[in-house]
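Work through the following exercises with the structure in view, and try each task before reading its solution.

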Amino acid sequence: MNIVYMDYASSSPVDPRVIEAMLPYFSEKHGNPSSVHQIGRESFEAIEDSRRKIASLINAERPDELIFTSGATESINLAIKGLAFRRLDKGKHIVTSKIEHISTMNALKFLSTKGFKITYLPVDEFGFVDPVALNDAITRETILISISYANGEVGTIQNVGEIGKIARDQGVTFHVDAVAAIGKLSIDVRKDCIDLLSFSSNDLYGPKGVGALFIRKGTKIEPIIHGGGQERGLRSGSENLPGIVGFGKAAEIAKKEMEVETSRLTELRDKLIKGILKKTENVWLNGHPTKRLPNNANFRFKFIEGESLVLRLSDFGIASATSSACTSKTLEPSHVLLAMGIPAADAQGSLLLTMGRWTQNEDVEYVIDNVPLAVDFLRKLSPLIPQGDV
Amino acid sequence: MKMYSRKCMEHFRNPRNVGTIENPDGVGRVGNPVCGDLMEIQIKVENGILTDVKFRTFGCGAAIATSSMITELAKGKTLEEALKITRGDVADALEGLPPIKMHCSNLAADALHAAIKDYYERHGKKLEEYEERKKEGLIDGEKSTKT
Ligand code: FES
């Protein structure tokens, strides 16, 4: 069976052009960039070339504002803890939102056990943070604002420019988790006054196991991994050379193709949303209809539970995701949907469909045709609706 | 994630005994306190034997498969026998469940036992058997319905 892959947010295939660029760096070009000899210098050059390409993708002023990590989780941890431990002199207050990714949430939870005070800003029904509320939350003690560029679950794109301006005016460091947005939206760290930006390679169809943290020149952080002093001492450990080369190639492709690709995906997304809402009863879109990621559609179906829906769709050859409590390790409903005011029972019926570079029109049509069948099947089993009233 | 067994998927794909019974002799409706899901079991009783058992479930794949399985296990049994079905029995019959899904099989056993309890109550009968098993910790008792 052909798989219609609608789960790009959890994992993306690596672009064949990226794999090709990486291959030599597993074997003949394996040198350690710290080595003085020829093969080492070539590795050094390859890494710096990737750094330039990635810097250009986010419009960083200088390539050396980027350091490589093992992925977005590490970047986020380094940004948040690294900044927090560096700014102990100024204060121990951090402002974030209630809908951040679990990496941010758990890094902050850790800091709260070390005496830091965290303000979790509420969001509205679409998942927007109110910039005015954010401004009001800042105190003289505030050292960091950490907000996602876009929410990976409900797709909502924050008003990052406005938040960045507030952060700059108030003299507070601004960290942005760009995992969901990178390669899909054109990110400009200069225009949006972003001081720290976390993202990973796989979100750009690069290899897994490599990520980056943008650190604006002048923003000081403490390392959280100590060792041989690589990456300007901020991230020790031998460089993941093939990974970094692939990351650079992926960034180069993303920059070149983003505009066309984003409008292509936006069209598919809108078709998907319209189709599903039209062909099924008692279904709602989670998030905002237009201010959302071009590849993201998130629904909630009343009376049914998300894991069984994903399993059923899997039988139809569709790979999808849900944030139902039944699929979470903690068996708790999605903190994002709850923060948006969606009742826990309705949050159980969420379905997350994320598209990507290889999603085609017929995939979207197939999904539109089959989701209602899966929903019907499960509603016939549901004790929440009177029989026969599906 | 850890895979469901073949048997479990088979019951999920073709759930047995779905629906409701006209004029049921007992109804058990329990909510899963862990993840907020809901299961309903209806029974028909003749001469102390479960002649029909039907279910409806709002929950994950394991919840659906365990409800389907428990209707099969219970059908044709006496009330006393049915009260002895444990969540372990259901999980075993499904060739095991991922550890994080064991609480779903609780839900199935609880719903069945609640339906039998309901039957007893409707007939003004004593619930000794039920209460006894509850004391022994073999039945968790009813769960509050959160949904
Ligand atoms: S019913 Fe929620 S995990 Fe099984």
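**Exercise 1. A salt bridge across the chain**

Decide whether Glu365(A) is buried, partly exposed or exposed, and then find the salt-bridge partner of Glu365(A).

Solution. In this predicted model, Glu365(A) has a relative accessibility of 36%. Since buried means under 20% and exposed means over 50%, Glu365(A) counts as partly exposed. The next step is to look for the partner, which is Lys271(A), with the closest N and O atoms 2.8 Å apart. Lys271(A) lies in helix H7 of chain A and Glu365(A) in helix H11, residues 361-379, so that the pair, 94 residues apart, links distant parts of the chain. Lys271(A) is partly exposed as well, at 31% relative accessibility.

**Exercise 2. Two further pairs**

For the salt bridge between Asp270(A) and Arg269(A), and for that between Asp89(A) and Arg87(A), state the distance and then classify each residue by its accessibility.

Solution. Begin with Asp270(A) and Arg269(A), whose closest N and O atoms are 3.0 Å apart. Asp270(A) is partly exposed, because its relative accessible area is 35%, whereas Arg269(A), at 4%, counts as buried. Turn next to Asp89(A) and Arg87(A), whose side chains meet at 3.6 Å, N to O. Here Asp89(A) counts as exposed, because its relative accessibility is 64%, while Arg87(A), at 26%, counts as partly exposed.

To widen the view beyond single pairs, note that Asp49(A), Arg52(A), Lys53(A), Lys249(A) and Glu252(A) are linked in a network of salt bridges. Over all chains, the whole structure holds 30 salt bridges.

**Exercise 3. The two domains of chain A**

Describe how domain 1 and domain 2 of chain A meet, giving the buried area and the kinds of contact between them.

Solution. First, set the bounds: domain 1 of chain A covers 4-10 and 258-381, and domain 2 covers 16-254. Taken over C-alpha atoms, the centres of the two domains are 28 Å apart. Second, count the residues in contact, which are 25 from domain 1 and 31 from domain 2. Third, consider the area buried between the domains, which is about 2,300 Å², with 62% of this coming from carbon and sulfur atoms. On the side of domain 1, Met258(A), Leu293(A) and Arg357(A) lose the most area, and together they account for 31% of what that side buries. Finally, examine the polar links: there are 0 salt bridges between the two domains, but 12 residue pairs are in polar contact. Helix H9 of chain A (335-339) is one of the elements that supply at least two residues to the side of domain 1 touching domain 2, and H9(A) gives the most to that side, with 4 residues.

**Exercise 4. The contact between the chains**

Which three residues of chain B supply more of the area buried against chain A than any other three, and how many salt bridges are there between the chains?

Solution. Start from the contact itself, which takes 27 residues from chain B and 25 from chain A and buries about 2,000 Å² between them. The three residues are Phe12(B), Arg56(B) and Phe58(B), which supply 31% of the area that chain B buries. The count of salt bridges between the chains is 2, and Glu307(A) and Lys101(B) meet in a salt bridge at 2.5 Å, N to O. There are also 12 residue pairs in polar contact between chain B and chain A. Among the elements on the side of chain B that touches chain A, E3(B) gives the most, with 4 residues. By class, this side of chain B has 14 nonpolar, 7 polar and 6 charged residues.

Conventions:
Residues numbered from 1 in each chain as written. Chains lettered and ligands numbered in written order. Predicted model: local features only at pLDDT ≥ 70, side-chain atom pairs only at ≥ 80, totals over all residues. Heavy atoms only, no water. Domains from an automatic or database assignment. Contact = heavy atoms within 4.5 Å. Buried area = accessible area lost by both parts, 1.4 Å probe. Salt bridge = Lys/Arg side-chain N within 4 Å of Asp/Glu carboxyl O. Polar contact = N/O pair within 3.5 Å; in protein donor to acceptor, adjacent residues only side chain to side chain. Buried < 20%, exposed > 50% of the residue type's maximum accessible area, 1.4 Å probe, protein only. Nonpolar A, V, L, I, M, F, W, Y, C, P; charged D, E, K, R; others polar.
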